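Biologist: I would like to learn how to read a model like this one, feature by feature. Where should we begin?

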Amino acid sequence: MRVARTYWDAHNNAACRSERDRALALYNTLSKEEKEQIPQVLRVWLRYCSEKYFGVHRTPPKSARKSKTP
């Protein structure tokens, strides 16, 4: 989560998206007690703030387009 948040703060969205997915998958495997050991600011960011920008309801990132040559 810390790595994903660092990428977020650096505006590196591609890296943030993949790290967020990994962090969220790991977070969902933790017990309630383990989740409580994670700082609240990171939990809130992972579950709510990042969902707004990277959630499944968002349009996925576009692939690099090939430039057209005349």
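**Reading the fold**

Modeller: The protein chain has four helices and zero strands. Along the sequence, the pattern reads α-α-α-α. Keep in mind throughout that this is a predicted model.

Biologist: What percentage of the residues of the protein chain count as buried?

Modeller: Of its 70 residues, 21% count as buried. As for contacts, take those in the protein chain with a separation of 6 or more: 54% of them join residues 24 or more positions apart.

Biologist: Which residues make up the largest nonpolar core?

Modeller: That core has eight residues: A4, C16, A23, Y27, I38, L42, W45 and L46. Two or more of these residues come from helix 2 (13–27), and two or more from helix 4 (40–54).

Biologist: Now the helix packing. How is a pair of helices described?

Modeller: Two packed helices are described by the angle between their axes and by the distance between those axes. In this model, helix 1 and helix 2 pack at about 160 degrees, and their axes lie 8 Å apart. An angle over 145 degrees counts as roughly antiparallel, so helix 1 and helix 2 are roughly antiparallel to each other. The crossing of helix 1 past helix 2 is left-handed.

Biologist: Which residues of helix 1 meet which residues of helix 2?

Modeller: From helix 1 the residues are V3, A4, Y7 and W8, and they meet A15, C16, E19 and R20 in helix 2. Two names recur from the core list, A4 and C16.

Biologist: Next, charged side chains. What is the general idea, and how many salt bridges does a search of the whole structure find?

Modeller: Side chains of opposite charge can pair when their charged atoms come close. A search of the whole structure finds three salt bridges. One of them joins D9 and R5, with the closest N and O atoms 3.5 Å apart. Both D9 and R5 lie in helix 1 (residues 2–9), four residues apart, which is about one turn of the helix.

Biologist: Are D9 and R5 buried or exposed?

Modeller: Neither label fits, because the partly exposed class lies between under 20% and over 50% relative accessible area. D9 has 48% relative accessibility and is therefore partly exposed. R5, with a relative accessible area of 24%, is also partly exposed.

Biologist: What is the distance between the closest N and O atoms of R22 and E19?

Modeller: For the R22 and E19 salt bridge, the closest N and O atoms are 2.9 Å apart. R22 and E19 are three residues apart in helix 2, so about one helical turn separates them. R22 is exposed, with a relative accessible area of 57%. E19 also appeared among the helix 2 residues that meet helix 1.

Biologist: Which residue forms a salt bridge with D21?

Modeller: The partner of D21 is R20, with the closest N and O atoms 3.6 Å apart. D21 is partly exposed at 41% relative accessibility, whereas R20 is buried at 3%. R20, too, is one of the helix 2 residues that meet helix 1.

Biologist: One last feature, the backbone. How should I read a phi angle?

Modeller: Most residues other than glycine have a negative phi. In this model, H11 has a positive phi, near 60 degrees, and is not glycine.

Biologist: Where does H11 lie, and is H11 buried or exposed?

Modeller: H11 lies in the loop between helix 1 and helix 2. Its relative accessible area is 69%, so H11 is exposed.

Notes: Residues are numbered from 1 along each chain as its sequence is written. This is a predicted model: local features need pLDDT of at least 70, side-chain atom pairs count only at pLDDT 80 or more; totals for chains, interfaces and linings use all residues. Side-chain values use heavy atoms; hydrogens and water are left out. A nonpolar core is a set of buried Ala, Val, Leu, Ile, Met, Phe, Trp, Tyr and Cys residues joined through side-chain atoms within 4.5 Å. Buried means under 20% relative accessible area, exposed over 50%, partly exposed in between (1.4 Å probe, protein chains only). A salt bridge is a side-chain nitrogen of Lys or Arg within 4 Å of a carboxyl oxygen of Asp or Glu. Axes are lines fitted to C-alpha atoms, for helices over the stretch in contact, and angles run from 0 to 180 degrees between N-to-C directions. Angles under 35 degrees count as roughly parallel, over 145 as roughly antiparallel, 65 to 115 as roughly perpendicular and the rest as oblique. A crossing is left-handed if the near helix is turned anticlockwise from the far one by less than a right angle, and right-handed if clockwise. Contact means heavy atoms within 4.5 Å.
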